[in-house]
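Here is a short set of questions on how helices bend and pack. Keep the picture in view as you read.

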Amino acid sequence: MTPNLPSFLVLTLPAFAVVLSFVVLLLFPGLRIQSHRLLLSFSGAFLLGITLFELFPEVFREYEVRQTGVFIALGILLQIVLEFFSRGAEHGHVHREEAHSGFSGMLFLSLGIHAFLEGIPLAHNPDVVWAISIHKIPIALIFGGFLLGSGKSLVKSGFVIGLFALMTPLGALFGNLTALQQVYPYLLALVIGMMLHVSTIILFESSKNHTVNLKRFAVIVLGMFLAYLL
């Protein structure tokens, strides 16, 4: 696999999604992601669709099947560990009272690791950037709301959000390094495991009382259909 320099879109769109979401929070301070379950459902379905239609065929077509499966499983386990510290912010599962419990460095570290790793496939699979960027919107709304509600100043909150916005582009550059091409298949499988866990949990937890209504089902179908078209 010959590395190609990630495109401008790959490097900027995920970061732009984070920054734009933070700006929206500043303009609409009463916004709560919990009241936007359709956005969560769409982002989860789109991310799952891209994982199934784009990443799965590549990783199982080109690489050793059993080892690939092992690293996908490790990715699921890694995401579970990360969510121990992030309180499930990757899939919108946060409690309102946590927004006032003070800034947690472990929350930033967990979300940062998640964002960095999910950027790894982007240099070789640029279509995935749309799923990652859409996925960034609810995460940035949750994380930004946590920062603003923790009592941190606007400058400090903006600085932390800026660092978080850079994580996925840095991951894309990291995944493009020539020295990593021998282990890239296993890094990709690891990321697939993480995406599988996050996207399926989103689809389960974005529904009120775990029920499915017609609007939510239509949004899920739309997300998967658009992922198939890419």
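Helices (H or I, at least four residues) are DSSP runs, numbered from the N terminus. This is a predicted model, where local features need pLDDT of at least 70, side-chain atom pairs count only at pLDDT 80 or more, and totals for chains, interfaces and linings use all residues. Residues are numbered from 1 along each chain as its sequence is written, and side-chain values use heavy atoms, without hydrogens and water.

Q: How far does helix 2 reach from its first C-alpha to its last?
A: Helix 2 covers residues 37-62, which is 26 residues. The expected span is 1.5 Å times one less than the number of residues. That expectation is 38 Å, and helix 2 comes close to it, at 37 Å.

Q: At which residue does helix 2 bend?
A: A bend is the angle between axes fitted to the seven residues ending at a residue and the seven starting there. Here the angle is about 40 degrees, and P57, a proline, follows within four residues. The bend is at L55.

Q: Why do helix 1 and helix 6 count as roughly parallel or roughly antiparallel?
A: Axes are lines fitted to C-alpha atoms over the stretch in contact (heavy atoms within 4.5 Å), and angles run from 0 to 180 degrees between N-to-C directions. Helix 1 (residues 8-27) and helix 6 (residues 154-175) cross at roughly 160 degrees. Angles over 145 degrees count as roughly antiparallel, under 35 as roughly parallel. The pair is therefore roughly antiparallel.

Q: How far apart are the axes of helix 4 and helix 5?
A: Helix 4 spans residues 105-118 and helix 5 residues 128-149. They pack at about 170 degrees, which makes them roughly antiparallel. Their axes lie apart by 12 Å.

Technical notes: Helices (H or I, at least four residues) and strands (E, at least two) are DSSP runs, numbered from the N terminus. Angles under 35 degrees count as roughly parallel, over 145 as roughly antiparallel, 65 to 115 as roughly perpendicular and the rest as oblique.
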